[in-house]
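Biologist: Hello! Could you walk me through a protein that is new to me, one question at a time?

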Amino acid sequence: MSDSSMAGSQPSPGGQGESSEGFWASLKEALHGTERDLTGLPVRRAIFLLAVPMVLEMVMESIFAVVDVFFVGRLGADAVATVGLTESLLTIVYAGAAGLSIGATALVARRVGEKDPERAARTAVQAIGLGVLVAVPLGLGGLLLARPLMSLMGASPWVLEHGIGYTQVMLGGVGSVVLLFLINAIFRGAGDAAIAMRVLWLANAINIVLAPLLIFGVGPFPELGVMGAAVATTTCRGCGVVYQLYLLTRGRGRLRIRREHVRLEPGTMLAMLRLSGAGTLQSLVSTTSWVVLSRIVATFGSTAVAGYTIAMRIVLFALLPSWGLASAAATLVGQSLGARQPERGERAVWTAGHINAIFLGTVGVLFFLFATPLVGTFTDEPVVVDHAAHALRIISVSFLFYAYGMVLTQSFNGAGDTTTPTLINIFCAWVLEMPLAWLLSGPLGMGPSGVFLSLSVSFSVLTLISGVLFRRGGWKLRQV
């Protein structure tokens with residue numbers, strides 16, 4: 001279908017019309033990558049074309065950690081502990097990378113919406129330059145301080161002697177993490193979500209093949225043990241970055257970086273840094289709240305911690321499609337503001353919210369009804385199953401609310417208003433959630449259930465506050 005015929009099939013101003021093309025054709029286009037102007041498509045279709053590859057990209061990102069644990073688990077508990085403790089240190093890097101990504105997505109989406117590919121390309125260069133400036137000192141610091149940091153985390157003597165190589169490689173190679181996050185955010189902001197998805201497909205394919213070869217020393221490969229997992233993961237991420245740079249300079253996406261674009265623009269970098277600083281704080285707020293809640297749960301014993309851990313792994317995996325929808329809405333908000341179509345951006349947010357509510361509401365009902373058999377697939381210890389099932393039921397009650405909250409908070413970021421969601425997250429996580437978890441679980445005698453309930457309350461309040469502020473419309477006036 002040509003662009004002109006597509007324009008003829010656009011819905012009325014309500015934006016809820018359906019494309020005449022079938023589902024499978026739309027799915028194929030989403031996976032292949034669309035070259036159409038997303039600001040001229042029906043809202044539902046634009047969301048679908050962005051959300052499908054974004055969901056798959058996030059699933060691919062989660063597979064990195066799963067692959068490492070799967071193979072390293074054959075080496076024993078100490079090796080798994082090495083991975084777990086190192087991942088705890090890397091959460092700070094992930095938070096920084098996610099924050100930089102928010103700023104990159106917002107600025108690139110705005111320039112693409114303004115139909116200014118030259119400025120969008122220059123903005124992408126500034127984002128990459130900023131990523132390099134952040135990654136180099138982080139990598140050097142991580143490499144030099146790996147041992148004292150792991151000792152501070154309470155690592156066992158085995159980990160400090162035999163597993164430290166894993167930590168050194170992972171922390172020393174954080175540049176690949178930062179750039180992989182950041183350049184994929186550039187692709188998403190431009191509307192090339194399918195390219196970001198394919199980058200992670202490639203990286204994961206390399207990791208799945210290379211990890212067991214280096215861990216166990218298959219064929220001509222050296223047997224590196226747990227360090228082999230780090231070498232494989234860092235290598236595959238590095239390959240992903242090389243592929244990204246190739247696509248940016250030689251690919252057929254919406255952005256094409258040429259030699260004349262490669263120069264530093266301090267003003268653009270500072271603007272991105274301002275957006276990214278608040279975005280990084282958003283990620284850190286969430287990270288610290290999970291750590292504090294885990295510490296509160298730990299006061300009720302290892303079975304409570306195990307149950308909480310299993311429940312949260314299930315919840316976070318279930319939320320992956322929702323994050324894809326939220327990211328799609330954020331991109332459309334940024335592009336719509338750039339195209340001077342703020343009402344279209346608003347329609348996109350509420351449409352994505354409604355779709356997400358249907359999805360997460362259904363998941364919540366299933367979790368509530370089938371919590372026990374679901375968590376039973378992870379453990380056969382009755383007490384752990386009881387804690388996990390109880391947590392899953394309490395948290396899933398808020399899914400219907402949180403479906404809107406996720407989309408709304410990400411949409412502020414897409415508009416370039418990173419301050420509003422940061423303040424909302426600080427209030428809901430630090431002022432409300434953590435004190436409430438302590439109060440309910442301890443002084444009010446609810447035990448671990450109080451922690452689980454605080455999560456549901458926090459999710460619901462976040463949605464209500466976000467909805468009120470979004471309807472006020474201040475985000476429509478944001479200039480970036």
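Modeller: Happy to; we begin with the overall fold and then visit single residues in this predicted model.

Biologist: How many helices and how many strands does the protein chain have?

Modeller: Helices are numbered from the N terminus, and names such as α3 and α14 will come back below. Strands number 0 in the protein chain. The count of helices is 17.

Biologist: What is the radius of gyration of the protein chain, set against the globule rule?

Modeller: For 480 residues the globule rule gives 23 Å, and the value for the protein chain is close to that, so the chain is as compact as a globular protein of that length. Along the principal axes, the C-alpha atoms fill a box of roughly 65 × 55 × 40 Å. The radius of gyration is 22 Å.

Biologist: What share of the residues in the protein chain is buried?

Modeller: A residue counts as buried when its relative accessible area is under 20%. The share is taken over the 480 residues of the protein chain, and it comes to 54%.

Biologist: Among contacts between residues at least 6 apart in sequence, what percentage joins residues at least 24 apart?

Modeller: A contact here means heavy atoms within 4.5 Å. Of the contacts in the protein chain that span at least 6 places, the part joining residues at least 24 apart is 80%.

Biologist: Which residues does Met58 touch, leaving out those up to four places away in sequence?

Modeller: Met58 has its place in helix α3. Its C-alpha atom is 8.8 Å from that of Leu200, although 142 residues separate the two in sequence. Beyond four places in sequence, Met58 touches Leu320, Trp323, Gly324 and Ser327.

Biologist: Is His387 buried or exposed?

Modeller: His387 sits in helix α14, which covers residues 382-396. Among the residues it touches are Thr303, Ala304 and Phe452. Its relative accessibility is 19%, and the cut-off is under 20%. His387 therefore counts as buried.

Biologist: Which residues does Ser283 touch, not counting those up to four places away in sequence?

Modeller: Ser283 belongs to helix α10, residues 266-298. With a relative accessible area of 17%, Ser283 is buried. Its contacts beyond four places in sequence are Ala95, Ala98 and Gly99.

Biologist: How many disulfides are there?

Modeller: A disulfide is a covalent bond between the sulfur atoms of two cysteines. The rule asks for sulfur atoms within 2.5 Å. For Cys239 the closest cysteine sulfur is in Cys236, at 7.4 Å, so that pair is too far apart for a bond. The count of disulfides is 0.

Biologist: Is Cys428 buried or exposed?

Modeller: Cys239 makes a useful contrast, as it is partly exposed at 30% relative accessible area. For Cys428 the relative accessibility is 1%, so it counts as buried.

Biologist: What phi does Lys115 have?

Modeller: Most residues other than glycine have a negative phi. Lys115 is found in the loop between α4 (77-113) and α5 (117-152), and it is partly exposed at 49% relative accessible area. Although it is not a glycine, Lys115 has a positive phi of about 60°.

Biologist: Where does Arg340 lie?

Modeller: Arg340 also has a positive phi of about 60° without being a glycine. At 75% relative accessibility, Arg340 counts as exposed. Its place is the loop between α12 (320-338) and α13 (342-375).

Biologist: What distance separates the C-alpha atoms of Val431 and Ser458?

Modeller: Val431 is part of helix α16, residues 419-441, and counts as exposed at 51% relative accessibility. Val431 and Ser458 are 27 residues apart in sequence. From C-alpha to C-alpha, the distance is 9.8 Å.

Biologist: How do the residues lining the largest cavity divide into nonpolar, polar and charged?

Modeller: The search of the whole structure finds 1 cavity of 30 Å³ or more, and the volume of the largest is about 30 Å³. Its lining consists of Ala30, Gly33, Thr34, Leu49, Gly191, Asp192, Ala193 and Ala194. Gly is counted as polar here. The lining divides into 4 nonpolar, 3 polar and 1 charged.

Definitions and conventions. Residues are numbered from 1 along each chain as its sequence is written. This is a predicted model: local features need pLDDT of at least 70, side-chain atom pairs count only at pLDDT 80 or more; totals for chains, interfaces and linings use all residues. Side-chain values use heavy atoms; hydrogens and water are left out. On a 1 Å grid over the protein atoms alone, a cavity is a set of points where a 1.4 Å probe fits but cannot get out, and a pocket is an open set with protein on both sides within 12 Å along at least five of seven lines; lining residues have an atom within 4 Å of a point. Grid points are joined across faces, edges and corners, and a volume is the space filled by probe spheres set on the points. Helices (H or I, at least four residues) and strands (E, at least two) are DSSP runs, numbered from the N terminus. Buried means under 20% relative accessible area, exposed over 50%, partly exposed in between (1.4 Å probe, protein chains only). The radius of gyration is taken over C-alpha atoms; the globule rule is 2.2 Å times the number of residues to the power 0.38.
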